[in-house]
Amino acid sequence: MSQSYETYKPKLSPTWWLKSRNYFLFMMRELSSVFIAAFVILFLYQLFALAEGKEAYAACRDELTTPGFVVFYAVAFVFALYHTITWLGVMGRVQVVRMGAFTVPPKLVTAGAFVGFFFVSAVVGYIFLYVL
Amino acid sequence: MSDKTIGIRVTRFRPEQEDAPTEQVYEVPYQEDWVVLDALNYIKDHIDGTLSYRWSCRMGVCGSCGMMVNGEPKLTCAAFLKDYYPNELVVQPLAHFPIIRDLVVDIDDFMDKLKAVQPWIIREEEKPVAEGEYLQSPAELKEFKQFSQCINCLLCYAACPVYGLEDVFVGPAALALSYRYNLDSRDEGYAQRTVVAASSEGIWECTFIGECSVVCPKDVDPAAAIQRTKVETTTNWFKSFLMPWGNK
């Protein structure tokens, strides 16, 4: 559509995400993926070291248990938890679950997602702590 | 009228006399039952008749009086002065849109995008009028009713930083209305709308900040509509990939 009048187009400031709590929390959610990506890279590094043999893996573990990496893992864990909670928290709004003519209430879908998450986490935790 | 007053800091932009917006403060009487639109009308009627802004119904139906009130997108007919008094109130034009004059923004971009998603019932073949209406059950109506409440007030666009950064984004209201018509049991236009909705400028631009749904005065929840369209188009893509012989 053509326009025949002058307008002023405001520009969004680079610090827009600091102007509201919700925008800031959104940016933190986005930032969480950087930490998760770094964690995955370190995990792959461990797998490669494991493939190299016992000594290489032991050296890798020593390297990754230095204070700097421990702090990184703690921060990455907090970010991963935050990302997971916010992701599962919107499940009911995003995924419509139908059972025949009945539509499952969104809150129940969200609750189900959290129950599933805790159940799977508990199973994985049990396997790592008591089986392997 | 009470002796109390409240300061209203209003954005002024008169393209014939300035290159960029400025601000002007007006002192208006404070009434507990006044909304921001009442204050603007007082300015227009009693202080400065040159102030320009849009309004119509005064009851949250027409969607024309959307502005930024203290930095938040609001319908000024539903934002009460008492929620801001005694502090000065800042009233600006809706964010992310070009300003035409004072508090009036150019919404042509939105109108083009709205038209692009074809927010009306599309039929592959229209039946003759003599055959009557396209009937719908209450359950079928319930499927989309929430998303049909949109009044095109554009608060969602003003709350969306993605639209502010990339104005090619089709945007929350248009995508919610696209979803609304796709859910309508009488409609057969899914494929036509999806060309726009699922384009790189449509749903995939959305990063789910969710602020569009927070500011929506009608609880339409455009963010949910966009995410559900993502799930739906992805599922349909996988179906067409895995079962190319099946109907989408």
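Start with the two chains side by side: colour chain A and chain B separately, then select the contact between them. In this predicted model, 31 residues of chain B are in contact with 22 residues of chain A. Together the chains bury about 2400 Å² at this interface, with carbon and sulfur atoms giving 57% of that area.

Next, pick out Phe208(B), Ile209(B) and Arg228(B) and show them as sticks. This trio supplies 20% of the area that chain B buries against chain A, more than any other three residues.

**Charges and polar pairs**

Stay at the interface and look for salt bridges: the rule finds 3 between chain B and chain A. For one to zoom in on, select Asp167(B) and Lys9(A), which form a salt bridge with their closest N and O atoms 3.9 Å apart. Polar contacts come next, and across the interface there are 11 residue pairs of this kind, both partners at pLDDT 80 or more.

Now switch to cartoon view and colour the pieces of chain B that do the touching. At least two residues each come from β6 (99-101), α2 (108-116), α5 (161-165), α8 (211-215) and α9 (222-242) of chain B. Which of the elements gives the most to this side of chain B? Click on α9(B): it contributes 5 residues. If you colour the chain B side by residue class, you should get 17 nonpolar, 5 polar and 9 charged residues.

**A stop inside chain B**

Select Asn41(B), which sits in helix α1 (residues 36-47) of chain B. Is Asn41(B) buried or exposed? With a relative accessible area of 13%, Asn41(B) counts as buried, because that value is under the 20% cut-off. Show Tyr53(B) and Trp55(B) too; leaving aside neighbours within four places in sequence, these are the residues in contact with Asn41(B). The side chains of Asn41(B) and Tyr53(B) also make a polar contact, at 2.5 Å.

**The two domains of chain A**

Finally, hide chain B and colour chain A as domain 1 (19-89) and domain 2 (95-132). Taken over C-alpha atoms, the domain centres are 23 Å apart. Each domain puts 4 residues into the contact. About 370 Å² is buried between domain 1 and domain 2 of chain A, 83% of it on carbon and sulfur atoms.

Select Thr84(A), Leu88(A) and Gly89(A) to see what supplies 81% of the area that domain 1 buries against domain 2, more than any other three residues. Looking for salt bridges between these domains gives a count of 0, and the count of residue pairs in polar contact, both at pLDDT 80 or more, is 0 as well. On the domain 1 side, the touching residues are 2 nonpolar and 2 polar, with no charged ones.

How values were computed: Residues are numbered from 1 along each chain as its sequence is written. Chains are lettered from A and ligands numbered from 1 in the order in which they are written. This is a predicted model: local features need pLDDT of at least 70, side-chain atom pairs count only at pLDDT 80 or more; totals for chains, interfaces and linings use all residues. Side-chain values use heavy atoms; hydrogens and water are left out. Contact means heavy atoms within 4.5 Å. Buried area is the accessible area (1.4 Å probe) that two parts lose on being put together, summed over both. A salt bridge is a side-chain nitrogen of Lys or Arg within 4 Å of a carboxyl oxygen of Asp or Glu. A polar contact is a pair of N or O atoms within 3.5 Å; within protein, one must be able to donate a hydrogen and the other to accept it, and residues adjacent in sequence count only if both atoms are side-chain atoms. Helices (H or I, at least four residues) and strands (E, at least two) are DSSP runs, numbered from the N terminus. Ala, Val, Leu, Ile, Met, Phe, Trp, Tyr, Cys and Pro count as nonpolar, Asp, Glu, Lys and Arg as charged, and the others, Gly among them, as polar. Buried means under 20% relative accessible area, exposed over 50%, partly exposed in between (1.4 Å probe, protein chains only). Domain bounds come from an automatic or database domain assignment.
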